[in-house]
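Visitor: Got a minute to walk me through this one?
Guide: Sure, let's put it on screen.

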Amino acid sequence: MTDDSDPPDSGDDDWYGDSDPRVPDASAWPDRDLGFLGDDVYLGDHVQIAEPVTPDDGAAEMRELERRLEQHRTPVFPIDLRRRLPLEGVWRRWRALAMWGRSDVVDDFGRDPRATARWEWLFEFLYSRWFRVQATGLEHIPDKGGALLVANHAGSLPYDSAMVMHAVRRDHPARRDVRPLVEDTVFHLPFLGLLMNRIGGVRADPENAERLLMKDELVAVFPEGEKGMAKLWKDRYRLQRFGRGGFVKLALRTSAPIIPVAVVGAEEAAPMLGKVTWFAKNIGIPWIPVTPTFPWLGPAGLLPLPSKWYVAFGPPIDLGKAHGPAAAEDRLLVNKLADQIRTQIQDMIEQLLGRRRSPVLSAYLG
Amino acid sequence: MASSTTGRVVAVTGACTYLGGELLRRLEEDPRYGRVLALDIRPPALAPGGKTEFIKIDLTQPTIDGELATLLERHAVDTFVHGAFLSHPTHASDWAHELEDVGTMHVLNACAGVEPRRLVMISTTLVYGAHPKNPNFLTEDAELRGHRDSRFVNDKVRAERQVQRYAKEHPRVEVAVLRFAPILGPTVSNLYTRFLARPVALVMMGHDPLMQFVHEQDAAFALQRAVESHATGAFNIVGKGVLPYTTVLALLGRVPIPMPQLVARQLTKVLWTTQIVGSPPSFLDFLLYLCVADGARARRELGFSARLSIKRTILDFLGIPPDDGAIDIAGAHA
């Protein structure tokens with residue numbers, strides 16, 4: 001067994017030596033069948049080199065081979081270290097296991113398709129069973145091309161962005177993916193920010209948003225930002241200042257249409273009665289919310305109450321066509337447009353609230 | 001040495017670094033270059049009888065700038081490649097400062113006296129620093145914020161600022177700065193390869209930033225392009241695609257050790273002070289926040305785009321060949 005001239009295909013799977021072409025074994029790879037692994041240049045003189053990829057480039061190929069053979073003679077990190085690694089089989093199985101539930105390709109902003117699929121059931125449950133979301137006006141979202149969804153924001157956890165995302169993916173004919181912009185406080189929260197990022201959330205940053213719109217993605221912004229989440233129960237459905245109008249500048253610059261979105265129900269899902277700022281900064285969050293369930297029931301109190309939700313998508317507003325990209329520098333105009341859109345969303349919210357028969361009970365019964 | 005100076009003359013500092021060595025090898029094969037000066041404190045592996053000549057230059061010497069200037073004048077150096085930077089943090093931070101920051105000053109002093117046609121500097125994307133406010137893709141215009149308490153990064157930032165100032169004061173010299181994403185590959189050795197070579201790796205609990213690498217062959221090709229071309233300014237040299245840090249670890253089969261920030265900082269501080277590990281506590285920020293650069297400018301103006309995806313790069317670092325058994329590394333840049 002320890003004979004160096006032992007042929008590589010001796011049939012023993014646990015044997016790994018210097019002349020075994022299967023040393024860098026990828027057959028344990030979860031997502032594809034690599035039973036036919038080709039020859040590897042590291043592996044001594046009996047190896048048959050595979051056909052060059054580009055036939056007319058023999059010189060470069062040979063140079064690379066020489067370089068690697070040269071390195072094979074002098075011990076260099078990974079290969080030679082790996083050869084000496086004990087418990088090779090365990091290591092391979094660990095690798096396969098570690099890749100479980102995650103994809104080896106993510107998009108530029110970190111959306112992992114496999115992780116998204118893994119959490120799909122949770123959002124579907126929240127959407128159709130827990131919040132019983134009624135989405136209207138989905139026909140206003142284009143099948144192709146970028147658009148900016150501008151929505152109101154509420155609740156101590158960003159369930160509203162998840163529901164807007166899920167509504168478009170579930171009920172829109174083109175099943176488009178919405179990329180919500182997540183404010184810093186949530187994005188840098190341990191675990192939660194990470195999850196938001198894997199299922200498609202992007203840190204709220206003008207450069208990120210512009211890049212996404214240039215790639216013809218649907219971007220959801222919550223211009224109220226942290227102030228929207230910090231709203232108390234008594235201020236529910238009263239829209240806060242829309243940031244500094246960054247989303248208007250963005251729409252003007254990229255000439256992407258703005259689609260106003262009104263979300264009703266998020267306020268009742270996590271009614272914030274008060275907030276405690278003491279000690280919150282020490283654990284890295286801006287405040288500790290006090291809801292009818294939260295700190296009292298412990299972590300279970302973070303679960304949202306089963307309120308009835310309405311999501312309405314309004315007709316697109318094409319600011320780019322009306323004002324041109326140069327208008328992004330006009331601060332007065334930007335602020336005016338931002339306020340116009342805020343008023344429009346406020347009106348949409350009032351309309352949806354009017355559908356409810358009584359203010360409190362029907363918020364949950366629907 | 002026979003001075004058959006037909007063709008361009010290139011001087012390379014840091015000839016023993018990975019990129020320096022690769023550049024020497026590529027210039028040696030290219031007939032357009034008449035002469036190559038390899039400057040370092042120890043001789044690089046050179047093919048005998050070639051056009052490359054080793055000259056011992058120690059950039060930490062206080063009067064080395066004059067020596068460099070005479071050298072540039074005597075050999076009529078046309079392109080100067082400044083790559084004498086450390087790829088790994090060292091405990092000898094005073095020496096590192098002398099080499100990187102002050103060494104760059106010496107190089108620029110010499111280049112101010114005897115202006116070469118072109119100056120190429122090798123830098124890293126670490127100079128942007130990992131900050132919570134970083135956009136997902138940092139462009140070349142982003143501020144070089146470095147790191148609050150990393151001398152390894154800040155020396156490079158200072159060196160880059162000097163080069164920027166030099167470029168402004170000497171408009172006749174074409175100055176290009178290449179900011180390489182962490183280079184990964186079977187032969188290169190740097191902070192990231194050493195960190196990822198260990199069987200276990202620290203993970204900041206609940207954080208998983210996206211990471212970006214460039215394959216060593218892609219990086220060497222980019223450097224070669226930069227020497228050839230006339231493009232000026234800073235260029236991010238990055239690989240194709242990004243992956244979350246824990247996915248990188250999973251692909252490599254490393255065991256992640258999740259730790260709360262507070263514990264991780266104290267632990268790394270102890271391990272770094274006792275010289276047990278080679279990654280300083282400031283490196284933890286790169287496991288917390290994004291530091292990913294955008295390579296569009298290099299694609300547009302330098303004609304460089306990476307040929308290998310991040311997954312292929314990681315597997316090649318590990319020694320796993322491509323699916324079809326072919327070696328696609330060399331053919332990639334034909």
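Guide: One definition up front: two strands pair if DSSP finds at least two bridges between them. Helices (H or I, at least four residues) and strands (E, at least two) are DSSP runs numbered from the N terminus.

Visitor: Fine. Any ground rules?
Guide: This is a predicted model, where local features need pLDDT of at least 70 and side-chain atom pairs count only at pLDDT 80 or more, while totals for chains, interfaces and linings use all residues. Residues are numbered from 1 along each chain as its sequence is written, chains are lettered from A and ligands numbered from 1 in the order in which they are written, and side-chain values use heavy atoms, with hydrogens and water left out.

Visitor: What's the mean pLDDT of chain B?
Guide: It's 90, and 94% of the residues of chain B reach 70 or more. pLDDT is the predictor's confidence in each residue, from 0 to 100.

Visitor: Where does pLDDT stay under 50 in chain B?
Guide: Over residues 325–334. The model has 36 contacts beyond four places in sequence for that stretch, a contact being heavy atoms within 4.5 Å.

Visitor: OK, fold. How many helices and strands in chain B?
Guide: Eleven helices and 13 strands. Seven strands of chain B make an open sheet with parallel pairing, in the order E3-E2-E1-E4-E5-E6-E11. At the edges sit E3 (52–56) and E11 (233–237) of chain B, each pairing on one side only. Neighbouring strands in this sheet are turned by 20° against each other on average, direction ignored. Axes there are lines fitted to C-alpha atoms, for helices over the stretch in contact, and angles run from 0 to 180 degrees between N-to-C directions.

Visitor: Which helix packs on that sheet?
Guide: H2 (residues 64–75) of chain B, which touches E1 (8–13), E2, E3 and E4 (79–82) of chain B. The direction of H2 makes about 165° with that of E2(B).

Visitor: And how many bridges join E2 to E3 in chain B?
Guide: Five, and the two strands run parallel. One example is B:Leu37, whose bridge partner in E3(B) is B:Glu53.

Visitor: How about E5 and E6 of chain B?
Guide: Seven bridges join E5 (residues 118–124) to E6(B), again running parallel. Within that pair, B:Ser123 has B:Arg179 as its bridge partner.

Visitor: Is E6(B) buried, and why say it's enclosed?
Guide: Seven of the seven residues of E6 (174–180) of chain B are buried, so the strand is largely enclosed by the rest of the structure. Buried means under 20% relative accessible area, exposed over 50%, partly exposed in between (1.4 Å probe, protein chains only).

Visitor: Which residues of E6(B) point which way?
Guide: B:Glu174, B:Ala176, B:Leu178 and B:Phe180 go one way, B:Val175, B:Val177 and B:Arg179 the other, and all are buried. In a regular strand the side chains alternate between the two faces of the sheet.

Visitor: Switching topic: how many disulfides?
Guide: Zero over all chains, with a disulfide taken as a pair of cysteine sulfur atoms within 2.5 Å. As for cysteines of chain B, B:Cys16 is partly exposed at 24% relative accessible area, whereas B:Cys111 is buried at 0%.

Visitor: Now chain A. What's the sheet there?
Guide: An open sheet of seven strands with mixed pairing, ordered E1-E9-E6-E2-E5-E3-E4. The edge strands are E1 (134–136) and E4 (202–203) of chain A. E1(A) pairs with E9 (residues 310–313) of chain A in the parallel sense over three bridges, and A:Thr136 has A:Ala312 as its bridge partner. Helix H10 (246–254) of chain A lies across E2 (147–151), E5 (218–221) and E6 (258–264) of chain A, at about 165° to E2(A).

Visitor: How much of chain A is buried?
Guide: 49% of its 366 residues. For chain B, 66% of the 334 residues count as buried.

Visitor: Last one: where is A:Leu138?
Guide: In the loop between E1 and E2 of chain A. A:Leu138 is buried, with 9% relative accessibility. Not counting residues up to four places away in sequence, A:Leu138 touches A:Ala167, A:Val168, A:Asp171, A:His172 and A:Phe313. Its C-alpha is separated from that of A:His172 by 6.1 Å, with the two residues 34 apart along the chain.
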